[in-house]
Amino acid sequence: MIEKLAREQRFLRPVLPYGTAREAQQVFLEAARLAEDEVVLLPAFIGWSAREGSGLFDPIQNLGLAYRFYPVTADLRVDVDAFAELLRRERVGVVILVHYFGYVDPAYPVLVELAREHGARLVLEDEAHAMLSDWVGAICGREGDACIVSLHKLFPVATGGALVFNSPRHEMLGRIGAPAAPGALDFDFAGIARRRVRNAALVEELLPELADEVVPLWPGLPDGVVPQTYPVVIRRASRNDLYFRMNEAGFGVVSLYHTLVKELSVDDFPASHQLARRIMNLPVHQDAEPHQIRAMMEELGRQVRALPQTD
């Protein structure tokens with residue numbers, strides 16, 4: 001069974017807006033409620049200017065937190081051995097990983113795993129440079145507990161930052177104040193897009209088995225396309241009958257558009273009306289798992305072959 005639209009909220013990433021990324025970081029660190037013997041681990045490559053101070057270090061000093069620096073190499077990679085040694089030696093409350101200039105350290109998943117193994121309570125990812133590597137590229141931001149982003153470093157705006165949690169159930173949200181209801185920007189766009197593309201690719205892989213009865217409206221899935229639904233053309237069976245049968249079987253197909261506005265006459269736009277009689281849209285949203293897509297395609301084959309041919 002697949003519903004017509006996504007209902008689950010597993011791709012929810014609550015976004016809490018702040019004036020700046022450093023403000024978001026300070027809120028996170030304050031809510032972490034570090035014990036007196038806990039430290040913050042942060043990289044030994046942190047800048048400062050007379051005009052702006054240090055976005056990364058100022059929140060730690062403002063809160064009077066204990067800290068330790070983990071070494072980086074000359075090519076700005078984390079020294080993994082030294083990082084692990086600090087985790088063994090110190091009682092670490094928060095690890096801060098910085099994705100400098102939008103790039104992600106190759107050891108990123110290893111660093112998070114080491115932090116977890118050695119009992120670090122929280123991992124915060126600094127994405128002041130890397131918001132798009134997360135939200136578009138989906139290569140960071142998902143291993144830690146939360147991340148901070150800076151808007152003015154990437155967009156033509158004067159200011160703006162945010163604290164993004166990877167789970168709507170994270171305990172710190174209760175201390176900070178989670179949004180009462182999620183908005184559209186609270187979802188993992190990249191994660192949802194990857195699921196939809198995966199599901200559409202699976203539909204396309206299975207469609208040739210039905211080629212006599214059902215064909216894609218547009219063969220191929222161009223790079224960059226993220227389907228809302230997967231449009232197919234029903235060649236000979238009644239599209240309307242197939243639509244009702246598929247929905248009765250628990251697969252939420254739709255037909256966009258089965259009825260055209262009256263201003264589009266058959267005489268003037270015959271191709272539009274021919275398509276409106278034949279088009280059907282298959283659900284490929286992020287809630288659907290591969291075994292459900294396969295079941296839908298098997299049901300589509302059974303139903304379309306059981307219907308009389310209309311042409």
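Which residue forms a salt bridge with Asp188, and how far apart are the closest N and O atoms? The partner is Arg142, and the closest N and O atoms are 2.4 Å apart. A salt bridge here is a side-chain nitrogen of Lys or Arg within 4 Å of a carboxyl oxygen of Asp or Glu.

Before going on, note that this is a predicted model, in which local features need pLDDT of at least 70 and side-chain atom pairs count only at pLDDT 80 or more, while totals for chains, interfaces and linings use all residues. Residues are numbered from 1 along each chain as its sequence is written, and side-chain values use heavy atoms, with hydrogens and water left out.

**Stop 1: the pair Asp188 and Arg142**

Select Asp188 and Arg142. Asp188 is in the loop between helix 6 (171–176) and helix 7 (189–206), and Arg142 is in the loop between helix 5 (131–135) and strand 6, so the salt bridge ties together parts that are 46 residues apart in sequence. Helices (H or I, at least four residues) and strands (E, at least two) are DSSP runs, numbered from the N terminus. Asp188 counts as buried, at 9% relative accessibility, whereas Arg142 counts as partly exposed, at 24%. Buried means under 20% relative accessible area, exposed over 50%, and partly exposed in between, with a 1.4 Å probe and protein chains only. Now add Arg13 and Asp134 to the selection: Arg13, Asp134, Arg142 and Asp188 are linked in a network of salt bridges.

**Stop 2: the sheet**

Show the strands as a cartoon. Seven strands form an open sheet with mixed pairing, in the order 1-7-6-5-4-2-3. Two strands pair if DSSP finds at least two bridges between them. Strand 1 (15–18) and strand 3 are the edge strands, each pairing on one side only. On average, neighbouring strands of this sheet are turned by 20° against each other, direction ignored. The axes behind this angle are lines fitted to C-alpha atoms, for helices over the stretch in contact, and angles run from 0 to 180 degrees between N-to-C directions.

**Stop 3: strand 6**

Select residues 146–150, which make up strand 6; five of its five residues are buried. Ala146, Ile148 and Ser150 point one way from the strand, Cys147 and Val149 the other way. In a regular strand the side chains alternate between the two faces of the sheet.

Next, look at the neighbours of strand 6. Strand 5 (residues 122–127) pairs with strand 6 in the parallel sense over four bridges. Strand 7 (residues 161–165) runs antiparallel to strand 6, joined by five bridges. Cys147 is a useful residue to centre on: Glu125 stands opposite Cys147, and in strand 7 the bridge partner of Cys147 is Val164.

**Stop 4: strands 2 and 3**

Move to strand 2 (residues 39–43), which pairs with strand 3 in the parallel sense over four bridges. Select Val40 to find one bridge: the partner in strand 3 is Tyr67.

Then select Arg68 and Glu90, which form a salt bridge with the closest N and O atoms 3.1 Å apart. Arg68 is in strand 3 (residues 67–70) and Glu90 in the loop between helix 3 (80–89) and strand 4, 22 residues apart. Arg68 is partly exposed, with a relative accessible area of 32%.

**Stop 5: helix 1 and helix 2**

Select Arg22 and Asp58. Their salt bridge has its closest N and O atoms 3.1 Å apart. Arg22 lies in helix 1 and Asp58 in helix 2 (residues 58–63), so the pair ties together parts that are 36 residues apart in sequence. Arg22 is partly exposed, with a relative accessible area of 29%. The whole structure has 17 salt bridges.

**Stop 6: the largest pocket**

Select Gly55, Leu56, Ala128, His129 and Lys153. The largest pocket has a volume of about 610 Å³, and of its 28 lining residues these five are the closest to its centre. A pocket, on a 1 Å grid over the protein atoms alone, is an open set of points where a 1.4 Å probe fits, with protein on both sides within 12 Å along at least five of seven lines; lining residues have an atom within 4 Å of a point. Grid points are joined across faces, edges and corners, and a volume is the space filled by probe spheres set on the points. Helix 1 (21–32) gives the largest share of the lining, three residues.
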